[in-house]
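Please look over the structure below with some patience, following one chain at a time and then the place where the chains come together. The paragraphs after it move from helix pairs to single residues and back again.

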Amino acid sequence: MSPAFVIIAFVTLFAAAAAMSLRNLVHCALSLVVALAGLAALYLQLGAQFVGFAQILVYVGAVAILIVFAVLLTRSDATPNQAILAPGWIVGILVSAVVFATLGWAALNSTGLPKEMSPAPEATVRNIGDQLMTQYVLPLEVIGLLLTAALIGAVIIAMKEEPQKTRIEDGRLKMEKPSGPSSILHPPSSSGGHA
Amino acid sequence: MTPLQGCLLVSALLFAIGLAGAVTRRNAILALVGIELMLNAANLNFIAFWRYGPHPEALSGMMVVIFSIAIAAAEAAVGLALIIAIYRHYRTVNLDEIKDLKG
């Protein structure tokens, strides 16, 4: 437990608590940035350089900007006048406290945890690239497919619905009606079927 | 307290903060932020166990965290798109007022 770890952990936890408890959503987003940057510092301190910089790129760079844009687009940047917590929030706080007590008890009393520190592992970007291209190549491809599908889906979900769309489709349907068979679902019975 | 236990305690507290925010805040965006914090707490656990585990040269924990970050990015994109679509429909992101599916 080095002093640097304690300081970074306190900053991270304080920023996370602020992100969850402030009234103004923009302040919440900024506190979230601090918490995520603190987590990246924790990763760097644990010797995971690649993950730390990926955390900064993805979370501090992209996800935080996404959240700020969502705050902007939903016009909820003004401080709300009403209560910010849902009714029954005390139950939620209690459940969270129970979860933390259970996890903390398990972490402090577990006998299976390794006691001595192993020497710092060699985790260069070259090693990570080798592993990604050999042992983990299938998960890498699946993640690429997942990201593509998720981003296309996000664009389609957030796309503005056009009110004239149905009218245009109706017009096209009327124009296409007289020419030839309009659907492949009802083939003529004389030519289809088995011989 | 060993360094591993310190990491686990920080991660547990971060998870509890995220859980409390996700279930108690009324704003849908902040519920999503709470879920992101919980995901990050799990990532911190993976990194801690990778660093202090018996076989850190295998890079397993690090690989899981890299894939988890990618999945969390996809989740954030889809979740925020859903929130924007919901706002366009209901003109609010207050989770207590979005209850048309309750029947």
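In this predicted model, a good place to begin is a pair of helices from the two chains: the axes of α2(A) and α2(B) come within 11 Å and cross at roughly 5°. Because angles under 35 degrees count as roughly parallel, this crossing makes α2(A) roughly parallel to α2(B). On the side of α2(A), the residues that meet the other helix are A:L25, A:C28, A:L32, A:L36, A:L39, A:L42 and A:Y43, and their partners in α2(B) are B:I29, B:L30, B:V33, B:N40, B:L44 and B:I47. Sorted by class, the residues of this contact come to twelve nonpolar, one polar and no charged.

One of those residues, A:L42, deserves a separate look, and it has its place in helix α2 of chain A. Is A:L42 buried or exposed? A residue is buried if 20 or more other C-beta atoms lie within 10 Å of its own, and A:L42, with 27 C-beta neighbours inside 10 Å, therefore counts as buried. Leaving aside residues up to four places away in sequence, A:L42 touches A:I8, A:A9 and A:T12 as well as B:L44 of the other chain. Measured out along the sequence, A:L42 and A:H27 are 15 residues apart, while in space their C-alpha atoms are 23 Å apart.

The partner helix can now be considered along its length. Helix α2 of chain B, covering residues 28–52, has 25 residues and reaches 37 Å from its first C-alpha to its last, which is close to the 36 Å expected at 1.5 Å a residue. Of these 25 residues of α2(B), 19 are buried, so the helix is largely enclosed by the rest of the structure. A similar check can be made on α3(B), whose 31 residues should span 45 Å at 1.5 Å a residue; its end C-alpha atoms are 44 Å apart, which agrees.

Within chain B, α2(B) also has helix α1 (residues 3–24) beside it, and the axes of the two come within 7 Å and cross at roughly 165°. Angles over 145 degrees count as roughly antiparallel, so α1(B) is roughly antiparallel to α2(B). The crossing of α1(B) and α2(B) is left-handed, and their contact has 20 nonpolar, six polar and no charged residues.

Helix α1 of chain B also holds B:G6, a glycine that is partly exposed, with 17 other C-beta atoms within 10 Å. Which residues does B:G6 touch, not counting residues up to four places away in sequence? They are A:M1 and A:F5 from chain A, together with B:M1 from chain B. Looking across to B:K99, 93 residues away along the chain, one finds the C-alpha atoms of B:G6 and B:K99 separated by 41 Å.

Two further residues of chain B are worth finding for their backbone angles. B:L59, found in the loop between α2 and α3 (60–90) of chain B, has a positive phi of about 65° although it is not a glycine. B:R91 likewise is a residue other than glycine with a positive phi, near 65°, and it takes this value just after α3(B). Their surroundings can be set side by side: B:L59 is buried, with 23 other C-beta atoms within 10 Å, whereas B:R91, with 10 C-beta neighbours inside 10 Å, counts as exposed.

Stepping back to the contact between the chains as a whole, how many residues does each chain give? The contact takes 67 residues from chain A and 63 residues from chain B. The elements of chain A that give two or more residues to the side touching chain B are α1 (3–21), α2 (25–45), α3 (49–73), α4 (89–109), α5 (125–134) and α6 (137–158). That side of chain A divides into 54 nonpolar, eleven polar and two charged residues.

Finally, chain A can be taken as a whole. Its secondary structure comes to seven helices and zero strands, and buried residues make up 21% of its 195 residues. Among contacts in chain A between residues at least 6 apart in sequence, 57% join residues at least 24 apart.

Key: Residues are numbered from 1 along each chain as its sequence is written. Chains are lettered from A and ligands numbered from 1 in the order in which they are written. This is a predicted model: local features need pLDDT of at least 70, side-chain atom pairs count only at pLDDT 80 or more; totals for chains, interfaces and linings use all residues. Helices (H or I, at least four residues) and strands (E, at least two) are DSSP runs, numbered from the N terminus. The expected span of a helix is 1.5 Å times one less than its number of residues. A residue is buried if 20 or more other C-beta atoms lie within 10 Å of its own, exposed if 12 or fewer, and partly exposed in between; C-beta atoms are placed from the backbone. Two residues are in contact if their C-beta atoms, placed from the backbone, lie within 7 Å. Ala, Val, Leu, Ile, Met, Phe, Trp, Tyr, Cys and Pro count as nonpolar, Asp, Glu, Lys and Arg as charged, and the others, Gly among them, as polar. Axes are lines fitted to C-alpha atoms, for helices over the stretch in contact, and angles run from 0 to 180 degrees between N-to-C directions. Angles under 35 degrees count as roughly parallel, over 145 as roughly antiparallel, 65 to 115 as roughly perpendicular and the rest as oblique. A crossing is left-handed if the near helix is turned anticlockwise from the far one by less than a right angle, and right-handed if clockwise.
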